[in-house]
Amino acid sequence: MLFLPIGIGSAVGLLFASIFAYIVAYLAYNAWLNPLRKYPGPLFMRATRLGYLHRAFRGTLPFDMLDLHKKYGPVVRIAPNELAFADPAAWNDIQGHRTKGQLEFEKAQLFYRPIESMEIDIISADRTEHGLLRRTLSHGFSDKSLREQQPMIKAYIDKLIQRLHENCDDGSKTVDIMAWYNFTTFDIIGDLAFGEPFGCLDSSDYHPWVRIIFQMARAGVVLQALGYYPSLKNFLLSLVPESVREQNKQHEELTNEKLLRRMELGAERPDLIEGLLRKKDEWGLTMSRLSSNAGKLIIGGSETTATLLSGVTYYLAMNPAALEKVTNEVRSTFKTEDEIDFNSVNNLTYMLACLNEALRMYPPVPVGLPRVAPKGGANVCGHYVPEGTVVGIHQWALYHNDKFFKDPFNFHPERFLGDSAFESDVREAFQPFHVGPRNCIGKK
Ligand code: HEM
């Protein structure tokens, strides 16, 4: 038999043709044959995740989602295996409490723990571990604990006001109010989770621990994206410079040192970590598991709250009539600052409406946090969602959709005060703290 040797050129050509054929087949399968094929969405997003990633990197995903829902409807396929829902009923269907025998949607680990070696915490834990952590941590969020924490929290707020007076009273300086809100919330929740503040309000600057958290948040978006391409991720991770690894190590050490100092104060402190410290020996909790949970409390509570405060400040500054109303309400409700506390602020109905309206217009969690459909699939808003499908509800897009909120791009606190002009609003759509067993533990 005669064998004809293939030239190198032909072999390379064949290789490229095979790769090309594979890619075309992969894209065509995703777009037209995949079990999610009946759900509408842009062709590029249905065929590959690159469309989603591009929007996430560009920072426009939350806003693009509104256009996508307007064009394709309440269910949009935004990646080969991912659906976005813009329907108030989706909150309960995806995140609500399950009845007996019904399986929960799990958290998408690619998103919550983009590096497998990352420690598990209350936000990323599976159902069983989450239940234990949640019950234990909830002591620190009870009404009783909040009452006990109040003097400490008030002291930081007094300090913020004092520091703003120092910086603003002569009218010559501009302050970055977003930074000051972050200084305050990181100091408060730092004290509640680590037993000591970060000293941001004193130094008028971010503590290195906080600065690294902000840097890691940016790196997190890249890591989450790379999670879809594991080989590329491992390759790129191997290129991470030693200095960055060292910085991460220092951050871990700093967290452990803080936690050790908190542990020396004993468990009897009405803060957020107390419950977990009590269970430390019984559950054999390691330092790194404790630290990761303390860290998540700080990250979950600080930046979100500072974002909301920044949003409401911006909208009040842009809406002088609302600012005047809220100012009058505060000044007519209280005669002295001492009268302001966690209970009495509930009398500020207009201010609370402003905060709700800011949560609607400027939600601190603007994108859909991904959940994965359980074994056997599930029904969401009457649609069958196959097992393993990623689903999410994108808050910014939902709250700016005029199907659910009248005049959604303008600031109308009145919509939260029963004003009949807004009776067409679908209030159940508004869930800034999510719903169900994994909703925000710090909501109160
Ligand atoms: C305006 C302020 C806040 C907003 C908008 C907010 C929003 C949220 C949302 C949407 C979730 C669900 C996350 C998910 O589904 O993965 C969540 C969870 C969580 N939040 Fe908040 N949050 C706020 C303030 C706080 C505060 C002050 C704390 C603590 C001091 C806190 C601690 C947590 C924790 C620990 C979780 C995880 C709960 C669990 O998985 O059981 N948050 N938050």
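The following exercises, with worked solutions, concern a predicted model of a protein chain with a ligand.

**Exercise 1. Overall form**

Determine how the radius of gyration of the protein chain compares with the value for a compact globule.

*Solution.* Begin with the chain length: a compact globule of 444 residues would have a radius of gyration near 22 Å. The protein chain has 25 Å, which agrees. Next, take the extents: the C-alpha trace spans about 100 × 55 × 55 Å along its principal axes. Then consider the inventory of elements, which comprises 18 helices and seven strands. Finally, turn to burial and contacts. Of the 444 residues, 31% count as buried. Among contacts with a separation of 6 or more, 67% join residues 24 or more positions apart.

**Exercise 2. The five-stranded sheet**

Establish the strand order of the open sheet and identify its edge strands.

*Solution.* The order of the five strands is β1-β2-β7-β4-β3, and the pairing is mixed. At the edges stand β1 (75–79) and β3 (106–107), each of which pairs on one side only.

The mixed character can be followed pair by pair. β1 and β2 pair in the antiparallel sense over four bridges, and these two strands form a hairpin with two residues between them. Within this pair, V75 stands opposite F85 in β2. Strand β2 (residues 82–85) also pairs with strand β7 (residues 390–392), here in the parallel sense over three bridges. A84 stands opposite G392 in β7.

Is the edge strand β1 mostly covered or uncovered? It is mostly covered, since five of its five residues are buried, a residue being buried if 20 or more other C-beta atoms lie within 10 Å of its own.

**Exercise 3. The nonpolar core**

Identify the residues that touch the most other members of the largest nonpolar core, and the element that gives the most to this core.

*Solution.* The core holds 77 residues, of which L83, F85, A193, A294, C354 and V391 touch the most other members. Helix α15 gives the most, with ten residues. F85 serves as an example: beyond residues up to four places away in sequence, F85 touches P74, V75, A90, V380, C381, V391 and I393. In soluble globular proteins, nonpolar side chains tend to be buried together.

**Exercise 4. The ligand shell**

Describe the composition of the shell around the ligand and state which helix provides its largest share.

*Solution.* There are 23 residues around the ligand; G300, G301, T304, C440 and G442 come nearest. By class, the shell divides into 13 nonpolar, seven polar and three charged residues. By element, helix α15 (residues 287–318) provides the largest share, with seven residues. Helix α15 thus appears both in this shell and in the largest nonpolar core.

Key. Residues numbered from 1 in each chain as written. Predicted model: local features only at pLDDT ≥ 70, side-chain atom pairs only at ≥ 80, totals over all residues. Near = placed C-beta within 6 Å. Nonpolar A, V, L, I, M, F, W, Y, C, P; charged D, E, K, R; others polar. Pairing = 2+ DSSP bridges. Core = buried A, V, L, I, M, F, W, Y, C linked by C-beta atoms within 7 Å. Buried ≥ 20, exposed ≤ 12 C-beta atoms within 10 Å, placed from the backbone. Contact = placed C-beta atoms within 7 Å. Rg over C-alpha atoms; globule rule 2.2 N^0.38 Å.
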